[in-house]
Amino acid sequence: MNTINPSVKALGLLMPTFFLAAMQKPFLNLTVFVLSLILLAVSRINYKIFIAAMIPVILTALGTFYTGYRFQAGNGMPVSELSFHLADSGVWNGLILASRVLAFAGLGLLLALTTDRVRLVQSLNQQLKLPPVFAYGLLAAWGILPVMMREYRQTRAAFRARGLRVLPVSPALLKPMLVKAVRWAEALSVAMESKGFDGNAPRTVYRPVPVRIRDFIFLFAVALGCAGILFLP
Amino acid sequence: MSEISFTDVAFRYQESGDFYVLQNLNVRFQSARITVLTGASGCGKSTLLYLAAGIYPENAGVLSSGSVKIDGDDPSELPPNLRCRRVGMMFQNPALQFCMDTVRNELAFCLENVSIPREEMGSIIDGALRFCCIEHLKDRKLLTLSGGEKQKVMLACLAALSPTWILLDEPFANLDDRSARDIAAKLGQLHRERGTGILAVDHRLENWLGVADEIKGMDKMGNLIAEGLTLSVHEGKDSRDSDALKRCSTAAPGSSYPFLRHKKTPQESLPEPLLRLKNITVSYTGTPVLRGLNADFSQGKSYALLGESGSGKSTLFDVLRGLAPFDGELFYRGSAVRKRELGRPGPIGFVTQNPQDQFVSDTVYDEILTSLKSKAKTNAINQKASKLITSVQKAEENQVESILRGIGLWGHRRVSPYMLSQGQQRRLGVAAILACGCEILFCDEPTYAQDWNNTIAIMAALENEMKDRGTTLIFSTHDRKLAADFADEIFELKEGTLLEHDQSIR
Amino acid sequence: MKNDQWKLRDILMMSILGVLFAAVYLAVFSGGMVLSALLTPTGLSTFSFELIYGVWFMASAVAAYIIRKPGVALITEVLAAGVELLMGNAGGLVVILTGFIQGLGCELGFAAFRYKKFNLLSMTLGGILAASFIFVYELYYLQNYLLAPGLLFAKLMVRFLSAALFTGLISKLACDGLARTGVLKNYGIDLSRQEVLIEREEE
Ligand SMILES: Nc1ncnc2c1ncn2[C@@H]1O[C@H](COP(=O)(O)OP(=O)(O)OP(=O)(O)O)[C@@H](O)[C@H]1O
Ligand SMILES: Nc1ncnc2c1ncn2[C@@H]1O[C@H](COP(=O)(O)OP(=O)(O)OP(=O)(O)O)[C@@H](O)[C@H]1O
Ligand SMILES: [Mg+2]
Ligand SMILES: [Mg+2]
């Protein structure tokens with residue numbers, strides 16, 4: 001998965017996402033989820049990040065399941081023959097909702113964990129013609145995330161040290177962060193422009209993101225899979 | 001030979017109003033001479049530099065008359081991809097000047113911007129890295145680099161773009177002396193080998209010894225009052241030049257700080273240390289920053305903390321503020337301090353490396369008032385007499401006035417702390433913490449990026465506090481001279497532990 | 001505004017706000033997770049996320065307040081979604097679509113006043129519209145129509161409340177505080193000019 005062109009990969013994974021959205025087949029959802037996990041397992045990924053990302057996914061799925069289980073709509077839903085062993089349609093209801101969360105998460109993680117973000121943005125710029133200001137603006141902003149985290153902790157500590165109690169999203173705490181955000185935007189834009197960046201000027205490409213035969217094969221395989229789903233009982 | 005010229009320049013930030021930062025300014029900078037521009041904090045040095053780089057008035061302010069030219073062209077009218085071949089800039093904050101993830105990608109980004117053909121990029125990138133002696137960093141993530149390394153990468157970007165001029169705005173403020181000298185030397189080499197014009201704004205001239213050809217100075221009002229000064233290694237040898245520098249609120253390299261301190265000798269200290277750090281260990285993502293650090297701090301003494309950038313000075317302070325997870329023990333007056341009590345208002349106060357990190361209020365006035373209130377509250381809890389608070393209120397208001405007058409900010413009391421200049425913010429930060437009435441003060445680089453007069457004013461305020469209330473002071477700094485002149489004891493942070501300096505360095 | 005052209009600075013501002021609020025959202029999200037775990041036995045766990053839903057529209061509202069140009073609210077939300085995608089968001093690729101839908105809601109809140117008003121009313125309206133748009137979308141996309149109508153209604157109300165609180169009130173207060181500091185001068189928003197006077201001090 002790591003070597004597929006990022007834009008193609010994004011499109012390829014978007015397709016089944018919308019396909020699944022149009023159906024309500026929990027087992028299909030679960031199959032897609034398991035498939036994603038298998039693909040993740042054979043790709044080069046960072047397992048720490050994977051586990052960190054899976055925890056909220058599983059919790060959300062559980063939460064959704066309970067909600068669906070407890071609060072099903074009065075008129076119920078069509079019970080297909082596949083569900084014969086699930087006597088309680090509340091369970092079924094919850095399963096539909098929860099399995100979908102898992103399937104989407106699986107597809108999303110497949111993209112996020114096997115793609116280098118710089119390559120993704122460059123590919124969006126080169127293949128899908130995303131304007132460079134957006135591409136590089138996004139990257140620059142992403143790059144100062146650690147600075148941001150540090151500043152946020154500093155700001156909270158400052159309030160604590162003066163004996164002021166504040167909630168994590170209180171306006172008092174947000175204001176200093178916003179002041180800094182304005183400053184960062186100014187500093188970064190000045191720095192980028194002084195390195196010659198101009199959103200409208202032509203630019204050359206150091207490492208083009210290639211589109212290769214295997215990318216088309218991937219896209220074709222996914223499309224085939226989606227078509228296959230249609231013929232499933 | 002290239003020239004930057006300012007002709008009758010008048011510049012202000014507000015569209016209306018008559019506060020001109022620069023007025024009737026006429027000055028020329030020649031690429032044949034490496035020039036350092038100095039002057040009091042807030043006098044308009046950065047403004048001048050940004051005008052020369054064509055960043056202003058495009059991004060802020062109004063150039064109400066006059067013109068800025070580089071060899072006859074107005075830099076602000078050139079499109080960015082042409083302008084960067086004329087002037088490159090290196091900024092004060094190393095963290096906020098990159099847009100990619102790795103060093104190689106950042107360099108490639110620069111070259112892509114100016115449409116260098118792909119085949120040539122590889123060799124230009126390698127050449128630039130080799131020039132800065134940072135080939136080993138080629139595929140490192142920018143985030144994992146220290147401040148000094150980031151500035152070297154920035155220099156590599158400039159070397160790759162190879163502009164006619166390189167402008168620098170206090171490029172060394174976040175660096176230790178060794179990295180600063182390395183970079184200054186590289187700039188000198190660029191100048192010699194490629195004829196690159198160099199114009200730098202800096203308060204501390206030590207790092208430019210042997211590199212700068214000329215010093216120009218501005219006064220408080222933004223007028224150019226000194227030109228053609230040179231740096232001499234021996235203090236007082238060229239008194240004409242050091243007097244001229246004094247008028248620009250800058251000191252000649254090696255000048256002593258005029259502190260009339262009575263330094264305490266070790267015998268005078270109390271037997272029981274006020275604060276004891278035992279076996280403090282901190283690591284970030286597996287790499288240890290502090291390894292089993294031990295230290296004792298006694299009442300009423302001042303300690304300087306030296307160390308290269310990235311050696312962990314701020315990390316040590318973060319431990320005491322409850323910001324960094326750590327192993328080890330802390331004792332205050334002999335009794336152990338629980339970890340979750342760190343960072344609460346109490347006997348330990350902090351001045352952070354960046355003054356903006358500690359502002360909590362909307363106005364300068366409230367900033368001080370908050371501190372006084374916090375102090376009153378802690379006292380009230382201690383004395384179990386919360387009724388007193390209201391009657392104290394009036395007295396506090398008078399106190400705010402005297403504090404603000406003391407630091408020359410009474411006139412600014414109604415503005416937001418963020419609107420003050422760098423130097424003013426720093427003074428306010430120190431004053432706000434002093435108003436808390438702490439017994440131990442930790443100051444992270446209290447004189448960072450300050451001019452000479454401000455440095456003295458800040459240190460004098462700390463000195464007074466120590467004399468009046470017996471406060472203990474621990475401050476980190478990159479300025480060895482300041483440490484030697486002001487501290488009773490000097491520690492150096494090296495490889496995660498504190499080494500006590502022997503007295504001979506003074 | 002006299003100049004509707006976006007500058008690099010504006011786009012950076014939008015992206016940075018996107019990153020900032022993505023981080024805030026993640027922090028609040030883990031808080032919501034704890035709440036959700038506590039509520040799970042009662043089956044009310046979905047409400048915990050409804051409560052904080054408004055945080056997600058804050059990036060849009062704040063960016064629009066600062067930059068004050070048409071389209072800012074929409075694009076900020078999409079950029080924020082892009083950031084989330086890069087972070088490895090659990091929702092997967094659809095975040096871009098949801099970002100677009102939410103941003104559109106916010107955008108309409110400001111467009112309704114022809115980009116003349118950036119106040120509590122327009123910000124709240126933006127938040128409420130965003131909340132309703134995304135609600136309709138989730139009805140189909142997450143098949144929320146399978147849920148009991150009573151619950152759906154309750155969810156919507158909680159979400160509105162959250163939008164009004166976070167996107168409206170808290171954003172507005174934070175933005176006004178921001179404007180008063182004077183750093184928005186470059187954006188032509190300077191509330192401080194009339195109010196604050198610096199006095200010359202005698203030495
Ligand atoms: N963006 C701005 N808007 C309004 N006023 C500003 C702005 N930037 C600077 N000023 C004011 O202009 C004056 C000159 O500022 P400048 O940053 O050029 O000073 P400086 O000489 O570089 O000082 P320092 O040594 O502290 O960096 C100061 O009084 C400052 O308050
Ligand atoms: N939150 C963090 N996460 C990971 N690494 C960190 C973090 N904070 C600091 N570090 C690392 O710890 C080391 C010590 O940093 P610290 O800021 O304490 O240095 P310093 O001595 O204060 O430097 P300076 O003189 O530049 O202020 C650095 O290598 C830095 O990269
Ligand atoms: Mg400056
Ligand atoms: Mg530090």
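A residue is called buried when its relative accessible area is under 20%, exposed when that value is over 50%, and partly exposed in between (1.4 Å probe, protein chains only). Helices (H or I, at least four residues) and strands (E, at least two) are DSSP runs, numbered from the N terminus. The model is predicted: local features need pLDDT of at least 70, side-chain atom pairs count only at pLDDT 80 or more, and totals for chains, interfaces and linings use all residues. Residues are numbered from 1 along each chain as its sequence is written, chains are lettered from A and ligands numbered from 1 in the order in which they are written, and side-chain values use heavy atoms, with hydrogens and water left out.

Helix H3 of chain B spans residues 103–113. In this helix 10 of the 11 residues are buried, so H3(B) is largely enclosed by the rest of the structure. The buried set consists of Val103(B), Asn105(B), Glu106(B), Leu107(B), Ala108(B), Phe109(B), Cys110(B), Leu111(B), Glu112(B) and Asn113(B). Two chains contribute to the cover. From chain A, it includes helix H5 (117–127), helix H6 (132–143) and helix H8 (171–194). From chain B, it includes helix H2 (80–86), helix H4 (118–131) and helix H5 (147–161). Ser115(B) follows H3(B) and has a positive phi, near 55°.

Ligand 1 lies between chains B and C. Its shell holds 15 residues (a residue is near a molecule if one of its heavy atoms lies within 4 Å of it). Those that come nearest are Gly42(B), Gly44(B), Lys45(B), Ser46(B) and Thr47(B). Helix H1 (residues 45–52) of chain B gives the most to this shell, with 3 residues. By class, the shell around ligand 1 has 5 nonpolar, 7 polar and 3 charged residues. Here Ala, Val, Leu, Ile, Met, Phe, Trp, Tyr, Cys and Pro count as nonpolar, Asp, Glu, Lys and Arg as charged, and the others, Gly among them, as polar.

Several polar contacts reach ligand 1 (a polar contact is a pair of N or O atoms within 3.5 Å; within protein, one must be able to donate a hydrogen and the other to accept it, and residues adjacent in sequence count only if both atoms are side-chain atoms). A polar side-chain atom of Thr47(B) is 2.4 Å from an oxygen atom of ligand 1. For a backbone N or O atom of Lys45(B), the distance to a ligand 1 oxygen is 2.8 Å. The side chain of Ser41(B) places an N or O atom 3.0 Å from an oxygen of ligand 1. Alone, ligand 1 exposes 630 Å², and the protein buries 76% of that. Accessible areas come from the Shrake-Rupley method with a 1.4 Å probe; for residues, only the protein chains shown count as cover.

Ligand 2 is surrounded by residues from chains A and B, so its site is shared between chains. The shell has 15 residues, and Gly310(B), Lys313(B), Ser314(B), Thr315(B) and Gln353(B) are the closest. Helix H8 (residues 313–320) of chain B supplies the largest share, 3 residues. The shell divides into 2 nonpolar, 9 polar and 4 charged residues. Side-chain N or O atoms approach oxygen atoms of ligand 2 at 2.7 Å from Ser314(B) and at 2.8 Å from Lys313(B). A polar side-chain atom of His478(B) is 3.0 Å from an oxygen atom of ligand 2. The protein covers 67% of the 630 Å² of accessible area that ligand 2 has on its own.

Ser314(B) and Gln353(B) also serve the magnesium ion, ligand 4. Their donor atoms, OG of Ser314(B) and OE1 of Gln353(B), lie 1.9 to 2.4 Å from the ion. Donors are N, O and S atoms within 2.8 Å of the metal (3.2 Å for Na, K and Ca); water is not among the atoms, so sites may look incomplete. Ser314(B) lies in helix H8 of chain B, and Gln353(B) in the loop between strand S15 (348–351) and helix H9 (364–383), so the pair ties together parts that are 39 residues apart in sequence. Ser314(B) is partly exposed, with a relative accessible area of 25%. Gln353(B) is partly exposed, also at 25%.

Chain C has 8 helices and 0 strands. Buried residues make up 62% of its 203 residues.

Definitions and conventions
Contact = heavy atoms within 4.5 Å.
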